[in-house]
Amino acid sequence: MAIQLISQQLKDVPLFRELTEKELEPIVRISQLRTYKQKAFVFMQDDPLNRVFFIQSGKVKIYKSDLHGKEQIVSVLEPGEMFPHAGFFRKGGFPAHAEIMEDAVLIVTPIDKFEEILITNPELCIKIFKVLGEKIIDLQKRLEEQILLNTQEQIIMLLLRLCRTNGEKENNRFRLTTQFTNRELANMIGTTRESVSRTISVLKKKNIVDITPDGYYLLDHMKLHDEIF
């Protein structure tokens, strides 16, 4: 039963979507299903990097901590996503913490065995390089935003990015599927909670941002875009 579930889930992962059942079979054989409760850590920053994960259900927060314990959120990952992307090509420890935000079921794959499969499957290697390329471009954009944009513009760019990564289209707006506090949004771009609060208040007055009764952001993507460009 577990093997069937792993196989079905991996088929839905963009990385494996074009693989045949025969091509996917060796990856399924080396993988395991694990259940994690909310607030549990999948791994800690600098733990030995020896496995990668695919989210079957639930949500995972990836964040870094500095020497003073200050948290900076890198991303919030949802079903179908893989982490960490640097796992196949980076030796040493995990580059960040991974904490469960909602009870989750993860597919766990050992890196050494996966790398053996990659050696015999050039097509899969190419797909991984494409995914990594997209991540590198995203990181470059974030760096450019910090250098070129003021704080309010950085917050707006963050909201636009969350529409893409953690949003669902509802009529003319995007509803974020994760509840973010102002402090969490601030941590994502290295600013203060007060700066986020001021910017959100301005955007609310312009009817660009709203919050649902159950605490989720509703964002007008087009109007957010117009605020920057």
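1. A residue counts as buried when its relative accessible area is under 20%. By that cut-off Ile155 is buried, because its relative accessible area is 2%. The model discussed here is a predicted one. Ile155 is placed in helix H5. Leaving out residues up to four places away in sequence, Ile155 touches Ile189, Ser195, Val196 and Thr199. Ile155 and Thr191 are 36 residues apart in sequence, while their C-alpha atoms are 8.9 Å apart in space.

2. Three of the partners just named, Ser195, Val196 and Thr199, bring us to helix H7. The buried residues of H7 are Ser195, Val196, Thr199, Ile200 and Leu203. Viewed down the axis of H7, these buried residues fall within an arc of 130°, so they line one face of the helix. Arg198 and Lys205, on the other side of H7, are exposed.

3. What do the buried residues of H7 pack against? Their partners are helix H5 (151-166), helix H6 (182-189), strand S9 (209-211), strand S10 (217-219) and helix H8 (221-228).

4. The length of H7 can be checked against its residue count. Helix H7 covers residues 193-205, which is 13 residues, and at 1.5 Å a residue these should span 18 Å. The C-alpha atoms at its ends are 19 Å apart, which agrees.

5. Asn207 comes just after H7, in the loop that leads from H7 to S9. Phi of Asn207 is near 60°, a positive value in a residue other than glycine. Most residues other than glycine have a negative phi. Is Asn207 buried, exposed or partly exposed? With 49% relative accessibility, Asn207 counts as partly exposed.

6. S9 and S10 belong to an open sheet of four strands, in the order S7-S8-S10-S9, with antiparallel pairing. Strand S7 (167-170) and S9 stand at the edges and have a single partner strand each, so one side of each is left without a neighbour in the sheet. On average, and with direction ignored, neighbouring strands of this sheet are turned by 30° against each other.

7. The pairings can be followed across the sheet. S7 and strand S8 (residues 173-176) pair in the antiparallel sense over four bridges, and Lys169 stands opposite Phe174 in S8. S8 and S10 run antiparallel and are joined by two bridges; here Phe174 stands opposite Leu219 in S10. S9 and S10 form an antiparallel pair over three bridges, with Ile211 opposite Tyr217 in S10.

8. The hairpin of S7 and S8 has two residues between the strands, and in this hairpin Asn171 takes a positive phi near 55°.

9. Next, the nonpolar cores. The largest one has 38 residues, of which Leu10, Phe16, Phe83, Leu106 and Phe114 touch the most other members. Two or more residues of this core come from each of helix H1 (2-12), helix H2 (21-29), strand S2 (41-43), strand S3 (51-65), strand S5 (82-83), strand S6 (97-110), helix H3 (111-119) and helix H4 (122-148). Apart from this core lies another, of 28 residues, which includes Ile73, Leu159, Ile208 and Val209. In soluble globular proteins, nonpolar side chains tend to be buried together.

10. Which residues does Leu10 contact, leaving aside its neighbours within four places in sequence? Leu10 is in contact with Phe16, Leu24, Ile27, Val28, Phe54 and Ile107. Phe16, like Leu10, is listed among the core residues that touch the most other members.

11. Phe83, also in that list, takes part in a cis peptide bond with Pro84, with omega about -15°. Pro84 has its place in the loop between S5 and S6. Most peptide bonds are trans, and a reader may wish to look at this one in the model.

12. One further backbone point concerns Lys39, which lies in the loop between strand S1 (32-36) and S2. Phi of Lys39 is near 80°, a positive value in a residue other than glycine. Is Lys39 buried or exposed? Lys39 is exposed, because its relative accessible area is 60% and the cut-off for exposed is over 50%.

How values were computed: Residues are numbered from 1 along each chain as its sequence is written. This is a predicted model: local features need pLDDT of at least 70, side-chain atom pairs count only at pLDDT 80 or more; totals for chains, interfaces and linings use all residues. Side-chain values use heavy atoms; hydrogens and water are left out. The expected span of a helix is 1.5 Å times one less than its number of residues. Buried means under 20% relative accessible area, exposed over 50%, partly exposed in between (1.4 Å probe, protein chains only). The arc is that of the directions from the helix axis to the C-beta atoms. Contact means heavy atoms within 4.5 Å. Two strands pair if DSSP finds at least two bridges between them. Axes are lines fitted to C-alpha atoms, for helices over the stretch in contact, and angles run from 0 to 180 degrees between N-to-C directions. A nonpolar core is a set of buried Ala, Val, Leu, Ile, Met, Phe, Trp, Tyr and Cys residues joined through side-chain atoms within 4.5 Å.
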